[in-house]
Amino acid sequence: MRLVDSKQMQEMDRFTIEEIGVPGMVLMENAARSWVEEAIHYFTKDQSIFIFCGAGNNGGDGYAIARNLANRGYSCTVIAVKEPKSDDCKKNASIWSHYGKTISWETILSGENAISQSDIIVDSVLGTGIETEIRGSLVQILKEMDELPGTKMAVDLPSGVNASTGDVMGVGVKADYTITFQKEKVGHHIYPGKLYSGKLICKDITIQERYQTNEKKYCLVTKELASSLLPHRFPDSYKNQYGHLATWCGSPGTLGASYLASFAGLKTGVGLTTAAIPSQNRSVFLGIAPELMSFAQEDVTHDWTTNFDALVVGCGLGRNRQAWKKIEAILSKTNIPLVFDADAFYGIQNWSDIKLEQSVLTPHPGEFAQLSGFKKPTNNKERIKQGFEFIERFPTVLVLKGAPTLVFGKAGTVYINGSGNSGMSTAGSGDVLAGIIGGFLAQGLSPLDASLLGTWLHGYSGDLYRNKHNEETLTATSLIDFMGLAFNQLR
């Protein structure tokens with residue numbers, strides 16, 4: 001599903017109003033009516049509704065929402081956080097004055113209109129246009145709004161959240177529900193914006209959707225997209241039809257990384273999996289995963305890699321420089337799809353020698369800093385910018401792990417993963433992800449498709465575990481155990 005940033009949404013608004021000829025007041029009325037039609041499922045006429053309006057068009061939406069609610073018999077009070085400034089906001093504020101009352105922010109502070117836990121607070125203060133740190137009196141106003149009791153419902157975007165990045169611009173209002181218009185925004189799906197948005201609903205308000213050829217493209221990885229990427233299986237098939245995955249992972253003390261990557265890869269439906277591990281440990285998986293084959297790391301050569309359809313490298317492999325010189329020399333000649341994770345980002349020195357066009361890189365933020373030379377990002381804006389810049393330099397697929405994971409598949413395009421939870425911040429979770437992506441690569445998926453399907457399935461397995469148990473007890477092994485249920489949901 002395609003998402004938009006703030007500038008893309010503004011351009012769609014402008015095009016619809018100026019070039020197509022739909023008046024801004026008509027779009028604002030469409031937005032208000034669509035918002036109300038959805039919102040009334042979440043409150044009753046017995047509740048008091050307080051609508052906090054800003055000075056711009058988001059505030060204008062709020063005044064129009066108040067009028068539409070009042071016309072339906074709901075009890076509404078508008079709080080003018082700032083005096084209306086935009087033309088459409090002024091018009092709707094004037095119209096509202098004939099339907100209900102408007103009070104000032106100072107009146108709320110005085111306690112004359114006390115807000116209770118059973119009341120509804122509608123946040124219509126700032127909307128999607130915020131790109132810089134919030135300053136002045138709004139800082140304290142938004143802080144106090146956020147602390148008010150009652151159910152909070154945002155109009156388009158919670159105030160203070162950057163629509164393009166999900167960053168909170170110093171202060172913001174956490175919504176229980178957000179009803180947005182025409183297109184979901186990038187900021188709705190990246191933390192902390194995703195947390196601040198609460199339950200998200202998108203309503204069509206007849207804005208003409210159009211995109212420039214060379215602009216950044218943002219997509220959400222959904223269940224529907226993941227399902228469309230599943231490899232096809234044949235009833236009369238045999239194991240060699242589903243590929244052979246190799247993993248070059250693990251060292252004394254970190255053999256669990258090899259097991260997690262290898263077994264996760266096997267559970268994707270790949271026909272065979274062989275783990276290259278230290279020779280003295282070759283029998284270590286027999287008791288827990290006899291389906292896995294093993295090979296001595298010391299005997300790995302370029303010729304050995306030609307026996308496989310994909311190779312996962314780096315999980316728990318260690319940081320011995322001499323060992324990595326040998327590994328890098330072999331990989332520089334390797335022609336099969338590769339997944340690089342963990343210690344690979346410390347061990348490989350000359351990435352230009354690797355065939356990156358058929359590779360997938362899966363770093364976490366610290367590893368990405370090591371790999372790219374960029375400073376560790378302090379916010380989502382920097383994180384997204386760095387990902388775009390990296391993919392312009394290197395022809396590969398970058399799976400930038402985080403909350404959420406971002407997949408950069410080609411210059412100018414980023415996919416935002418829609419699954420996963422904080423319980424997955426646990427040892428070995430990344431090893432499982434690398435193995436899953438490797439398993440799909442071995443079955444013939446492209447590096448991008450394997451990454452999108454693998455990332456979503458990995459996160460959804462975690463969500464299924466959380467839904468049945470909790471986040472605290474989730475482990476990397478839990479992710480593998482719940483992959484079967486995740487496949488069932490996809491199919």
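In which helix do Arg14 and Glu18 both lie, and how many residues apart are they? The legends below concern a predicted model, and the opening view addresses this pair.

**View 1. A salt bridge within helix H1 joins Arg14 and Glu18**. Both residues belong to helix H1 (residues 6–20), where they are 4 residues apart, about one turn of the helix. Their side chains meet with an N to O distance of 3.2 Å. Arg14 is partly exposed, its relative accessible area being 26%, whereas Glu18 is exposed at 58%. A search of the whole structure returns 16 salt bridges. Through shared partners, salt bridges connect Arg14 and Glu18 with Glu11, Glu19 and Arg210 in one network.

**View 2. Asp146 and Lys174 form a salt bridge between distant parts of the chain**. The side chains of this pair meet at 3.8 Å, N to O. Asp146 is placed in helix H6 (residues 137–147), and Lys174 in the loop between strand S6 (151–155) and strand S7 (177–181). The two residues are 28 residues apart. Each is partly exposed: Asp146 has a relative accessible area of 23%, and Lys174 has a relative accessibility of 38%.

**View 3. Asp343 and Arg319 form a salt bridge between two loops**. The closest N and O atoms of the pair are 3.2 Å apart. Because Asp343 lies in the loop between strand S14 (338–340) and helix H12 (344–347), and Arg319 in the loop between strand S13 (310–313) and H11, the salt bridge ties together parts that are 24 residues apart in sequence. Asp343 is buried, with a relative accessible area of 12%.

**View 4. Glu328 is a buried acidic residue without a salt bridge**. Glu328 is found in helix H11, which spans residues 321–331. Side chains of opposite charge can pair when their charged atoms come close. For Glu328, however, the nearest side chain of opposite charge is that of Arg321, 7.2 Å away. A polar atom of the Glu328 side chain instead lies 3.0 Å from the backbone nitrogen of Gln349. Leaving aside residues up to four places away in sequence, Glu328 touches Gly347, Ile348, Gln349, Asn350 and Asp353.

**View 5. Leu453 is among the residues with the most contacts inside the largest nonpolar core**. This core has 58 residues, and Val432, Ile437, Phe440 and Leu457 are also among those with the most contacts inside it. Helix H16 (residues 447–468) supplies the largest share of the core, 9 residues. When residues up to four places away in sequence are not counted, Leu453 touches Ala226, Leu229, Leu230, Pro231, Phe440, Leu445 and Leu490. A second, separate core comprises 41 residues, including Ile190, Tyr218, Leu220 and Phe388.

**View 6. Strands S2 and S3 pair in the parallel sense**. Strand S2 (residues 48–53) is joined to S3 over 6 bridges. Within this pairing, Phe50 stands opposite Thr77 in S3. Strand S3 (residues 75–80) is mostly covered, with 5 of its 6 residues buried.

Methods:
Residues are numbered from 1 along each chain as its sequence is written. This is a predicted model: local features need pLDDT of at least 70, side-chain atom pairs count only at pLDDT 80 or more; totals for chains, interfaces and linings use all residues. Side-chain values use heavy atoms; hydrogens and water are left out. Buried means under 20% relative accessible area, exposed over 50%, partly exposed in between (1.4 Å probe, protein chains only). Lys and Arg count as positive and Asp and Glu as negative; His and the chain ends are not counted. A salt bridge is a side-chain nitrogen of Lys or Arg within 4 Å of a carboxyl oxygen of Asp or Glu. A polar contact is a pair of N or O atoms within 3.5 Å; within protein, one must be able to donate a hydrogen and the other to accept it, and residues adjacent in sequence count only if both atoms are side-chain atoms. Contact means heavy atoms within 4.5 Å. A nonpolar core is a set of buried Ala, Val, Leu, Ile, Met, Phe, Trp, Tyr and Cys residues joined through side-chain atoms within 4.5 Å. Two strands pair if DSSP finds at least two bridges between them.
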